[in-house]
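The following exercises invite the reader to examine a protein model step by step. Each task is followed by a worked solution.

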Amino acid sequence: MRRFFPVFLALIAFTFPVFAQAKHPFTFEDMMKLKRVGEPVVSPDGKWVIFSVVDVDLEANTKTPHIWIVPTAGGQEREIIADQDADRPRWRPDGTSFAFISTKEGGSQIWIAEFDSATGTVTKKGRLTDIATEASGETWSPNGKFLIFTSDVYPECDEQPDELACNANKVHEHENSKVKALVFDHLLYRHWNAYKEGKRSHIFCVSLFAIVPGGNSDPPYHHRYRDLTPGDYDAPVFSLGGQDDYAFSPDGKEVCYTSNHDKNPAASTNNDLWTVPAVFPHDATSAQVLAQTKNITADNPASDSTPLYSPDGRYIAYRAQQRPGYESDRFRLMLYDRKTGEKKNLTESFDAWVGSFTWAWHKLGSEVALDGLYFSAEREGQSSIYSIGTTGYNETAPAPIVRSHSGSPMNLSSGRTTTDILPDSWGYADDLILAPNGNLLFTCMSVHAPTEVCEARPFTDNDEQRQLTHTNEAELSKVFMSPLESFWFPDAHNDEVEGFLVKPPNFDVGRKYPVKFLIHGGPEGAWGDDWSYRWNPELFAANGYVVIMINFHGSTGYGQKFIDAIDGDWGGAPFEDLMKGLDYAEAHYGFIDKDRECALGASYGGYAINWILGHTDRFKCLVSHDGMFNAESAWGTTEELWFNNWEFKGTPYDNRAMYQKWSPHQYAKNFKTPTLVVHGQRDYRLDVSEGLQLFTTLQMEGVPSKMLYFPDEGHWVLKPQNSQLWYKTVNDWVDQWTKK
């Protein structure tokens, strides 16, 4: 792997001794001062990168995004929209303006900022949309005459003469009704942290007539709307972030999107890719739109998602899984030939999940020449960038080739290889985008620094990389950060399992330190060299603890077989991995005080804590956040039923023995360890009743316990002051039992 420019490394070496005396242990208040950088978006002329930056105001209890800019040639990043909230910037293809999302007027709406590329400044801005169901997720058509965006609408309004007016009336009726009751007639009536209230996510196309550089018209702009995905389906499907699930074709005539049309989407992962013309006559009906909608992945009963057209319009690249109902099956990089309908799996022998991806291409005269694809993939605690070529394709015999780099290649099928191009200086890379000059822009982060924008020059002689933004350099220079240390040990399946360790500030090898033993969620997730605001290892270590984390069987980044090992074995091999990992750390790190250890976990990590409660007394205390306590009741109160059905091999009434075997509540008579329970009322993945049942049981069994309940949070604690209370309550609980 290559490192960043020598100048950047020299800067690190220079600044460390200067600030060494001034550094202090990392605090929650320090963390809230850090700016949260979003994905980079490069201007069409290649001169600028815009991105959102979220500022946290702890006193006001707010998180507000603004738009920042940085020259691609290098230089100081700066704010260009600061007088209102502004998120998700997207350049118009001619570079004269960009769209963004703001809630300044009328809820979430699309705004347009006109831009002077010579000075890198916004000259004028105004609101584009004004719809009662709000707008988000905007994307430009290649000719700049249209935008597509998403809005949560009432599907029964699809066939009304004025769909937007129908939706506006329903929103008004709901907001002003004194009756707040809801009626359901299908599952997935609530998802993640909100009730759907009869709405569906649809993609709209809006045409723009008055956004003309140098024109006389001022905002608001004139436009009209078209629902491209009518029907009682979500299109696009629900997502927690990442790459868009919809895209324009290069000629602007077609949109490809992700939607699940199975009768029971609560028990299905069968997301398909659909195509629809982007433009219809003004008087076209919803039936006419649906008649021209095509499912291009109907042959795959598992998930297909994140479509992205090739710049020449020939292909659609996307991610796909193969096993229906399994949300943690391997994500493969697929290629759909729009001429022949052929589908090709580019990464079948690449035993890692494909993350975000982007096309690599260059101009060949007036034509577009495809160089291949870049994609991110997680391996052994890092997320690196890989490249794979596609330039050998023809209509009858696909023959992918690889752009070679120096570095450590990973074997693919048919003797192909793909090569990691992420520098060692950063642990995680994502949000890939190709600049006009062929350079690759992406977000980068590590356990000791949150997200910044980085750039790679993968096809230069020395494969240079550099960090474009330094938004948090000044704040981070004031605090002590420990490096992430990795260790490996043999596990229950005779595999090698990886663990990580973070030491406290001012570490003294001659001292004994208490331990915070963190257990990750998912369970198909992983610890690694990345940044988190919710479970931050540096912050947990800051008040004098050694932090230990184990990537047990079921963790991502170690091959699909390793992930699959947790299926039907939630309290088996993973529990043994956790215990053996802690045993190994105790035996090999003499500074660990094994008599002062506390285990903490959320989601599956919360389940693991509940399982630990009934199976070992080795810990002085436990923290169970949003964990499954009763496997049978958790099935009946969750929304994504495909998850429980897969992990426990059926429903509780079809396979009750499996649910009973791995349910922590069955072992309540063994509970002895003091436990803090945390749960949010709006957690619909693991209903709040799971936390209440656990706390009730602990109290009835006389186990020292406390519950932290959030009426306004879901599966994650997101509000700044709630997060502050969370960290304080959790750390005080651990201190109470380990620092006596």
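## Exercise 1. A salt bridge and its network

Arg 330 has a relative accessibility of 6% and therefore counts as buried. The structure is a predicted model.

**Task.** Determine which residue forms a salt bridge with Arg 330, and where the two partners lie.

**Solution.**
1. The partner is Asp 351, and the closest N and O atoms are 3.8 Å apart. This value falls within the 4 Å cut-off for a salt bridge.
2. Asp 351 is situated in the loop between strand S24 (343-345) and strand S25 (354-364), and Arg 330 in the loop between strand S22 (315-320) and strand S23 (332-337), so the pair ties together parts 21 residues apart in sequence.
3. Unlike the buried Arg 330, Asp 351 is partly exposed, at 35% relative accessibility.
4. Both residues belong to one network of salt bridges that share partners, which also includes Arg 323, Asp 329, Arg 332, Glu 348 and Asp 564.

## Exercise 2. Two further salt bridges

**Task.** State how many salt bridges a search of the whole structure finds, then describe the pair Asp 83 and Lys 125 and the pair Glu 701 and Lys 669.

**Solution.**
1. The search finds 35 salt bridges. As a general principle, side chains of opposite charge can pair when their charged atoms come close.
2. In the salt bridge between Asp 83 and Lys 125, the N to O distance is 3.0 Å. Asp 83 is in the loop between S6 and strand S7 (87-91), while Lys 125 is in strand S10 (residues 121-127); the pair links distant parts of the chain, 42 residues apart.
3. Asp 83 is exposed, at 51% relative accessible area, whereas Lys 125 is partly exposed, at 26%.
4. In the salt bridge between Glu 701 and Lys 669, the N to O distance is 3.5 Å. Glu 701 occupies the loop between helix H13 (688-700) and strand S42 (705-710), and Lys 669 the loop between H12 and strand S41 (675-680), 32 residues apart.
5. Glu 701 is partly exposed, with 32% relative accessibility, and Lys 669 is exposed, with 69%.

## Exercise 3. A buried charge without a salt bridge

**Task.** Glu 538 has no salt bridge. Identify what surrounds this residue and which backbone atom lies 3.0 Å from a polar atom of its side chain.

**Solution.**
1. Glu 538 is part of helix H6 (residues 537-541) and is buried.
2. The nearest side chain of opposite charge is that of Lys 23, 11 Å away. A salt bridge would require the nitrogen and the carboxyl oxygen to be within 4 Å.
3. The backbone nitrogen of Ser 482 lies 3.0 Å from a polar atom of the Glu 538 side chain.
4. Beyond neighbours within four places in sequence, the contacts of Glu 538 are Phe 26, Val 447, His 448, Met 481, Ser 482 and Val 502.

## Exercise 4. The surroundings of Arg 78

**Task.** Establish which backbone oxygens lie 3.2 Å and 2.9 Å from a polar atom of the Arg 78 side chain.

**Solution.**
1. Arg 78 is located in strand S6 (residues 78-81) and counts as partly exposed, at 30% relative accessibility.
2. The backbone oxygen at 3.2 Å belongs to Thr 119, and the one at 2.9 Å belongs to Gly 120.
3. Among the residues that Arg 78 touches beyond four places in sequence are Trp 48, Ile 67, Trp 68 and Ile 69.
4. Arg 78 and Thr 471 are 393 residues apart in sequence, but their C-alpha atoms are 9.0 Å apart in space.

## Exercise 5. Backbone geometry and an enclosed helix

**Task.** Locate two cis peptide bonds, examine phi at Ser 603, and decide whether the residues of H9 are buried or exposed.

**Solution.**
1. Most residues other than glycine have a negative phi, and most peptide bonds are trans.
2. One cis bond joins Ala 235 and Pro 236, with omega of about 15°; another runs from Gly 522 to Pro 523, with omega near 0°.
3. Ser 603, which is not a glycine, has a positive phi of about 60°. Ser 603 lies in the loop between strand S39 (592-602) and helix H9 (604-613) and counts as buried, at 18% relative accessibility.
4. In H9, 10 of the 10 residues are buried, so the helix is largely enclosed by the rest of the structure. Tyr 604, Tyr 607 and Trp 611 are among them.

Definitions and conventions: Residues numbered from 1 in each chain as written. Predicted model: local features only at pLDDT ≥ 70, side-chain atom pairs only at ≥ 80, totals over all residues. Heavy atoms only, no water. Helix = DSSP H or I, 4+ residues; strand = E, 2+ residues; numbered from the N terminus. Buried < 20%, exposed > 50% of the residue type's maximum accessible area, 1.4 Å probe, protein only. Lys, Arg positive; Asp, Glu negative; His and termini not counted. Polar contact = N/O pair within 3.5 Å; in protein donor to acceptor, adjacent residues only side chain to side chain. Contact = heavy atoms within 4.5 Å.
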